[in-house]
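Work through the exercises below with the structure open. Try each task before you read its solution.

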Amino acid sequence: MSKSIHFFGQSVFGQLISLIDRSKVKSAIKKTGSDRYCKGFYTWDHLVSMLFCTLSNCTSLREIAAGCLGLKGKTEHLGLRKLPRRSTLSDANKHRTPKVFEKIYWALLKKYRGDISDSRLKKFFGKELYIFDSTTISLFTDILKCAGRPPKNGKQKGGIKVHTLLNADEQVPQLLWFSSAATNDICFWDKIDFKENAIYIFDRGYIDYRRYDQLTKNNVSFITRLKDTATFETVQELEIDDHVDPGVLKDEWVRLPLRKNGKIISWIKLRRIAYWDSDNKRVLAFLTNISEKDMDGGKIALLYKQRWQIELLYKQLKQNFPLKYFLGDNVNAIIIQIWCAMIANLLLTIIRERVKRKWSFSNLVSFTRLHLFNHIHLVRFLEDPEKDWQKEFLHPQISLFYT
């Protein structure tokens, strides 16, 4: 019988783990002291166990412990020194600093940035494009304060808010910050190191005219939405050329009030574009400091559509990784699980970019989950999964008993 051309010495899980530079992990451990006072269950063991949880979609400590016990004798290529027990993993999630997993993620992103980067947007618009937003993950217990009114039954659920900065060319987060769900989105603004000659896109949750004024003074471009109830005065109405997207209804420079204690103390001048969204049958008002000489109103609307990338990222994470069920009822365990989901997401994104054949992310995750401990060459198999079958079908082996 012919040998499969896709057979490989490492399991699919081992191939994903091999993308993680062990020297970078050791550096992160040293900087954070995550192995200090450790009694056998080291950071690497913790990381591999949590990645196993994420990729196999485990929803409890019992599942992880039982799943890893089934791998006894097959973990040499993973570097596991100790298989996790429920109590061991629970203690590690509670006491080990999440900073070590954060540093591992950033080290991986730095190493593989060239593999996942796509500079077409930068070439088209002439500047780097950044998007920032937040999403809330509901928790079953009141660990972190949730937004909104308490329910009638008095059982308040908690919530963690994940604030994200995304480079539109790279599909993975550039900056992450965690807070309680009740935290105002604008608090994330101070965590961002805004770059000159870059364009930042964000929604109406970050409205602050003083901050907009500061961005303009620092030569930082931005595009956002204007609230329907906003007050403004038209300064200059611009002509709309024939080549501009017909959805642009109005292009004008306006001034908006800067207030202190309810009184107007000064004004900020910005550009307002009214755009007809034919898909949803509504008018959208965009606000930007980009001049008409640099970009017409149609391109401004097209750029704002790129903000949907961050919504797709949140959808991708929530649908494909276990972020509905957390392995601990403490903040530390929750943040560790989210960081490990981000690492798994990055590893699969790297694989996806290396494969010439286009796979949807959800299909790639499902395939990986099904074949996690099969010994097949992941990239080669993803390129042409049917190749072995076609080979056997078109050139069947001659039976030894054929006469």
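**Exercise 1: An aromatic pair**

Phe132 is buried, and Phe188 is buried too. The model is predicted.

Task: Classify the ring pair of Phe132 and Phe188, and place both residues along the chain.

Solution.
- Step 1. Take the two quantities that describe a pair of aromatic rings: the distance of the centres and the angle of the planes.
- Step 2. For Phe132 and Phe188, the centres are 6.4 Å apart and the planes make an angle of 65°.
- Step 3. Centres within 6.5 Å make a pair, and planes over 60 degrees apart count as edge-to-face. The pair of Phe132 and Phe188 is therefore edge-to-face.
- Step 4. Phe132 belongs to strand E1 (residues 128-139), while Phe188 sits in the loop between strand E3 (173-180) and strand E4 (198-201). With their positions 56 residues apart, the pair links distant parts of the chain.
- Step 5. Now widen the view. Phe132 and Phe188 belong to one aromatic cluster, with Trp177, Trp189 and Tyr206 also among its members. The structure holds 28 aromatic pairs.

**Exercise 2: The nonpolar cores**

Task: Find which residues touch the most other members of the largest nonpolar core, and which helix gives the most to it.

Solution.
- Step 1. Start from a general tendency: in soluble globular proteins, nonpolar side chains tend to be buried together.
- Step 2. The largest nonpolar core has 95 residues. Those touching the most other members are Phe13, Ile20, Leu47, Leu51 and Ile338.
- Step 3. Helix H11 (residues 331-354) gives the most to this core: 15 residues.
- Step 4. Look at Phe13. Leaving out residues up to four places away in sequence, Phe13 touches Val48, Leu51, Phe52, Leu55, Leu78, Leu372 and Phe373.
- Step 5. A second core is separate and has 26 residues, including Ile192, Tyr206, Leu215 and Val220.

**Exercise 3: Two pockets**

Task: Describe the linings of the largest pocket and the second largest pocket by class.

Solution.
- Step 1. The largest pocket has a volume of about 370 Å³. Of its 15 lining residues, Arg225, Arg282, Leu284, Tyr304 and Lys305 are the closest to the centre.
- Step 2. Strand E8 (263-277), strand E9 (282-288) and helix H9 (297-305) each give two or more residues to this lining.
- Step 3. By class, the lining of the largest pocket has eight charged, six nonpolar and one polar residue.
- Step 4. The second largest pocket has a volume of about 250 Å³. Among its lining residues are Arg36, Tyr37, Lys82, Asp91 and His95.
- Step 5. The lining of the second largest pocket divides into five charged, four nonpolar and three polar residues.

**Exercise 4: Positive phi values**

Task: Locate Asn57 and Asn219, and say whether each is buried, partly exposed or exposed.

Solution.
- Step 1. Asn57 lies in the loop between helix H3 (43-55) and helix H4 (61-69). Its phi is near 60°, a positive value in a residue other than glycine.
- Step 2. Asn57 has 34% relative accessibility, so it counts as partly exposed.
- Step 3. Asn219 is found in the loop between helix H8 (209-217) and strand E5 (221-225). Phi of Asn219 is near 65°, also positive.
- Step 4. The relative accessible area of Asn219 is 40%, so Asn219 is partly exposed.

**Exercise 5: Glu383**

Task: Find what Glu383 touches beyond its sequence neighbours.

Solution.
- Step 1. Glu383 is in helix H13 (residues 378-383).
- Step 2. Not counting residues up to four places away in sequence, Glu383 touches Arg354, Val355, Lys356 and Arg357.
- Step 3. The C-alpha atoms of Glu383 and Val355 are separated by 6.0 Å, with the residues 28 apart along the chain.

Methods
Residues are numbered from 1 along each chain as its sequence is written. This is a predicted model: local features need pLDDT of at least 70, side-chain atom pairs count only at pLDDT 80 or more; totals for chains, interfaces and linings use all residues. Side-chain values use heavy atoms; hydrogens and water are left out. A nonpolar core is a set of buried Ala, Val, Leu, Ile, Met, Phe, Trp, Tyr and Cys residues joined through side-chain atoms within 4.5 Å. Buried means under 20% relative accessible area, exposed over 50%, partly exposed in between (1.4 Å probe, protein chains only). Helices (H or I, at least four residues) and strands (E, at least two) are DSSP runs, numbered from the N terminus. Contact means heavy atoms within 4.5 Å. On a 1 Å grid over the protein atoms alone, a cavity is a set of points where a 1.4 Å probe fits but cannot get out, and a pocket is an open set with protein on both sides within 12 Å along at least five of seven lines; lining residues have an atom within 4 Å of a point. Grid points are joined across faces, edges and corners, and a volume is the space filled by probe spheres set on the points. Ala, Val, Leu, Ile, Met, Phe, Trp, Tyr, Cys and Pro count as nonpolar, Asp, Glu, Lys and Arg as charged, and the others, Gly among them, as polar. Rings of Phe, Tyr and Trp (its six-membered ring) pair if their centres lie within 6.5 Å; planes under 30 degrees apart count as stacked, over 60 as edge-to-face and the rest as tilted.
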